[in-house]
Amino acid sequence: MDRVSEPPPEKAITMPTRLDNPRNSRLPDGLIDAWCAVPSSVIADQLGGVGHADPRIRPIRPFAPGTRLTGSAVTAWCEPADYGPVHHAIAIAGPGDVVVVAAGGRRDAAMIGDLLGGAARLKGIAGVVVDGAVRDVGPVSQWPDFAMFSRWVMPRGPSSMERGIVNGPIVFGGVVVQPNDLVIGDDDGLVFVPHALAEAKLEPCLARVRAEVEWEKVLASGKSTVEVFRVPAIEPL
């Protein structure tokens, strides 16, 4: 009996990394710089609790006093263990930008380390934030002019680099992020200010920063938090 030959195995279909066309232009440098004075906690409150990323995404080192990560988002959406979009996002990002990597929160492969991070740093990119894993945190944590946030630290690197999307809308740590949205990160975590709100929300946030300075002065004079914040009186039992 003749043997029936088996069909050849299907060749895996890969989709090349795609560069999307952002609907918003980059925010003015002056507006971005003005946000440097606002901590993530103030922004999270002013946005009503909808702009902060999953708190498990943390900076790999503490920030120096009075400093934080502030910049315009360049987004990279990565399929499992594929970091092609990270390369392309760094290639198109400019000085002061923040590369925002949506890697699905996976821990199986690091999306960036000291080589790719070093290339970003040389371009003047302010930092890279990853909803996933990073590696080489020893050397990267020594860079005073470059910030990195991640959900995990993982020694194993990625296994491919030919898929994904750059500068498209993503979901990062539970927050919808569009290219050119504002990214602010400090020791408390990461928040994202939508492009459409970046100008309107700045003054309310700055006003809250000024108010907190005054509250500190009043509290230092000896007044209680009950007085300063007008906490409702205790009802007797």
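**Two helices, two cores and a network of charges**

Among the elements that cover the buried residues of helix H4 is helix H3, where buried means under 20% relative accessible area, exposed means over 50% and partly exposed lies in between, as found with a 1.4 Å probe on the protein chains only. Helices (H or I, at least four residues) and strands (E, at least two) are DSSP runs numbered from the N terminus. The structure is a predicted model, in which local features need pLDDT of at least 70 and side-chain atom pairs count only at pLDDT 80 or more, while totals for chains, interfaces and linings use all residues. Residues are numbered from 1 along each chain as its sequence is written, and side-chain values use heavy atoms, with hydrogens and water left out.

In H4 the buried residues are Leu116, Gly117, Gly118 and Ala120, and the helix is followed by glycine 124, whose phi is positive, near 85°. Helix H3, which spans residues 84-92, buries Gly84, Pro85, Val86, Ala89 and Ile90. These buried residues of H3 pack against strand E3 (69-77), strand E4 (98-102), helix H4 (114-122) and strand E7 (165-166), a contact being heavy atoms within 4.5 Å.

Two residues of H3 return in the largest nonpolar core, which has 25 residues and in which Val86, Ile90, Val99, Val101, Met111, Ile112 and Phe146 have the most contacts. Such a core is a set of buried Ala, Val, Leu, Ile, Met, Phe, Trp, Tyr and Cys residues joined through side-chain atoms within 4.5 Å. At least two residues of the largest core come from each of E3, H3, E4, H4 and E5. Methionine 111 touches, apart from residues up to four places away in sequence, Cys78, Ala81, Asp82, Tyr83, Val86, Val101, Ala103, Leu116, Val130, Ala133 and Pro158. A second core, separate from the largest, has 19 residues, including Val98, Val100, Val129 and Ala147. In soluble globular proteins, nonpolar side chains tend to be buried together.

The charged side chains come next. A salt bridge is a side-chain nitrogen of Lys or Arg within 4 Å of a carboxyl oxygen of Asp or Glu, and by this rule the count comes to 13. Side chains of opposite charge can pair when their charged atoms come close. Asp54, Arg56, Asp131 and Arg151 are linked in a network of salt bridges. Within this network, arginine 56 bridges to aspartate 54 with the closest N and O atoms 2.7 Å apart; arginine 56 counts as exposed because its relative accessibility is 58%, whereas aspartate 54 is buried because its relative accessible area is 15%. Aspartate 131 forms a salt bridge with arginine 151, the closest N and O atoms being 2.6 Å apart, and this pair links distant parts of the chain, with aspartate 131 in strand E5 (residues 127-134) and arginine 151 in strand E6, 20 residues apart. Aspartate 131 counts as buried at 6% relative accessibility, and arginine 151 counts as buried at 16%.

Another salt bridge joins the side chains of arginine 163 and glutamate 79 at 2.8 Å, N to O. This pair also links distant parts of the chain, since arginine 163 lies in the loop between strand E6 (147-153) and E7 and glutamate 79 in the loop between E3 and H3, 84 residues apart. Arginine 163 counts as buried at 17% relative accessibility, while glutamate 79, at 24%, counts as partly exposed.

Serine 40, in helix H2 (residues 40-46), counts as buried because its relative accessibility is 4%. Its side chain is joined to that of aspartate 186 by a polar contact of 2.6 Å, the term standing for a pair of N or O atoms within 3.5 Å, of which, within protein, one must be able to donate a hydrogen and the other to accept it, and for which residues adjacent in sequence count only if both atoms are side-chain atoms. Residues up to four places away in sequence aside, serine 40 touches Ile184, Asp186, Asp188, Gly189 and Val191.

For the protein as a whole, the secondary structure comes to seven helices and eleven strands, and 43% of the 237 residues count as buried. Among contacts between residues at least 6 apart in sequence, 76% join residues at least 24 apart.
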